[in-house]
Amino acid sequence: MNELPSGDTYNPAGTSLNLKRMGYGTMQLPGPNVWGPPRDKDAALAVLREVVALGANHIDTAEFYGPGVANSLIREALSPYPDNLTIVTKVGFIRDASAGWIPDATPDGLRRAVQDNLASLGLETLDVVNLRLGDAQGPNDRSVLEPLQALVDLQSAGLIRHIGLSNITPAQFAQARTIARIICVQNQYNLVKRDDDDFIDALAADGVAYVPFFPLGGFSPLQSSILSEVAAEAGATPKQVALAWLLQRAPNILVIAGTSSLAHLHENFAAARLELSTEQIAKLNGMAAHAG
C-alpha cells in the first residue's frame, strides 16, 4: 500500500536525497509531555511501520523525545532500516529529571547528543542532524558558529551525513552557510504563524528544504471559521486542509505532522492528495491577517 503521490518529492541541493514531501514526526510517540514510555507501545510500533508502508521515506525524531523513547521505538519497529529511509534527528537540548527542556548547544553536549542518537537508533552514521537553537518563544540572535563547528567536525569524522538548522533566523542561516552546507531549516510555521514567508521563498531559490514544526498549531491547535469553511467545500477535515495548504505553499516544504493514532496518520497522509483551489488558498491566506 502506498498512499503518497509517487512524484511529490523534494531533492535538497547538493544531496542525493529524494524525500517524499509528506513525512512523519515522532514527538507524539512518548508519554505525556514527551516523557517516558508510550501509552500503548504496540500502537506506537504499528504507526511507525504504517508510515513506511504508506510510502513515507523520512522520519523526524530526537534523542530528547522520551528521552530515548522515540528513537528506541523507531529502531524496534523499522530496523534493519529500508535503504531509502532518511532519519532526521535534532540536537541542542537535553531533558532534566522533571521533564524540563534544557538548552545544551555546547560542543561537548552536541558530541554526546550525536553519540546518544547513534546508539539509540542503532546507526553508525546519522542521515541528517538539525542543530536546534533558541527556546520555546522562538529563535534568538546568538552566533551559530561554535555549535555548528562541532557538528561540522562530526560530519568530517563520518558520524553525520547532512546538517540542518532548527528554530533559527535568516541571519543565523546566512552565518551558518559560511562554514557548512545546510540542507534544511526546521522552524515554526503554519496557516497563522507566517513570519517565515520570505525566508521560505529564499530557501526554495537556494534548494534548501523547509520543514514546519507545529504545522497544525502545536499546543494551540488551529481553529478558524475560514478553515472550517474551506474544509467543508473541499470535503476534507480542517487538519487535512491545513496540511494541504503547506504542501501547496512552496515546493521545498516537507511536512512532518505527528500522531500516535493510525486513524489520524491516514487522515494526515490523505492531505497529500488534496488539491486546494486558487480561491480556497486565497481564503486561507487571509487567516494570518485575522490572527494578527
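**Exercise 1. Which residues in α1 meet which residues in α9?** Describe also how the two helices are placed relative to each other in this predicted model.

*Solution.* Begin with the contacts: Ala46, Val47, Glu50 and Val51 on the α1 side meet Leu262, Leu265, His266 and Phe269 on the α9 side. Sorted by class, this contact has six nonpolar residues, one polar residue and one charged residue.

Next, turn to the geometry. Two packed helices are described by the angle between their axes and by the distance between those axes. Helix α1 spans residues 41–53 and helix α9 spans residues 262–270, and they pack at an angle of about 25 degrees with their axes 10 Å apart. Because angles under 35 degrees count as roughly parallel, α1 and α9 are roughly parallel to each other. Finally, the handedness of the crossing of α1 and α9 is right-handed.

**Exercise 2. Describe the nonpolar cores, and place valine 114 within this picture.**

*Solution.* Start from the largest nonpolar core, which has 79 residues, and in which Val114, Leu148, Leu151, Phe173, Val241 and Leu284 are the residues with the most contacts inside the core. Helix α8, residues 238–249, gives the most to this core, with seven residues.

Then look at valine 114 itself: if residues up to four places away in sequence are not counted, Val114 touches Val91, Leu126, Leu151, Leu154, Leu159 and Ile160. A second core, separate from the largest one, has 11 residues, and Val88, Val128, Cys184 and Val211 are among them.

**Exercise 3. Locate two cis peptide bonds and the loops that hold their prolines.**

*Solution.* One cis peptide bond joins glycine 66 and proline 67, with omega at about -10 degrees, and proline 67 is found in the loop between β4 (58–60) and α2 (69–78). Another cis peptide bond joins serine 79 and proline 80, with omega at about 0 degrees, and proline 80 has its place in the loop between α2 and β5 (86–91).

**Exercise 4. Is asparagine 33 buried or exposed, and what is its phi? Treat phenylalanine 214 likewise.**

*Solution.* For asparagine 33, phi is near 65 degrees, a positive value in a residue other than glycine, and this asparagine is found in the loop between β3 (24–25) and α1. Exposed means over 50% relative accessible area, so asparagine 33, at 61% relative accessibility, counts as exposed.

For phenylalanine 214, phi is near 55 degrees, again a positive value in a residue other than glycine, and the residue is found in the loop between β11 (209–213) and α7 (225–234). At 23% relative accessibility, phenylalanine 214 counts as partly exposed.

Note on methods. Residues are numbered from 1 along each chain as its sequence is written. This is a predicted model: local features need pLDDT of at least 70, side-chain atom pairs count only at pLDDT 80 or more; totals for chains, interfaces and linings use all residues. Side-chain values use heavy atoms; hydrogens and water are left out. Axes are lines fitted to C-alpha atoms, for helices over the stretch in contact, and angles run from 0 to 180 degrees between N-to-C directions. Helices (H or I, at least four residues) and strands (E, at least two) are DSSP runs, numbered from the N terminus. Angles under 35 degrees count as roughly parallel, over 145 as roughly antiparallel, 65 to 115 as roughly perpendicular and the rest as oblique. A crossing is left-handed if the near helix is turned anticlockwise from the far one by less than a right angle, and right-handed if clockwise. Contact means heavy atoms within 4.5 Å. Ala, Val, Leu, Ile, Met, Phe, Trp, Tyr, Cys and Pro count as nonpolar, Asp, Glu, Lys and Arg as charged, and the others, Gly among them, as polar. A nonpolar core is a set of buried Ala, Val, Leu, Ile, Met, Phe, Trp, Tyr and Cys residues joined through side-chain atoms within 4.5 Å. Buried means under 20% relative accessible area, exposed over 50%, partly exposed in between (1.4 Å probe, protein chains only).
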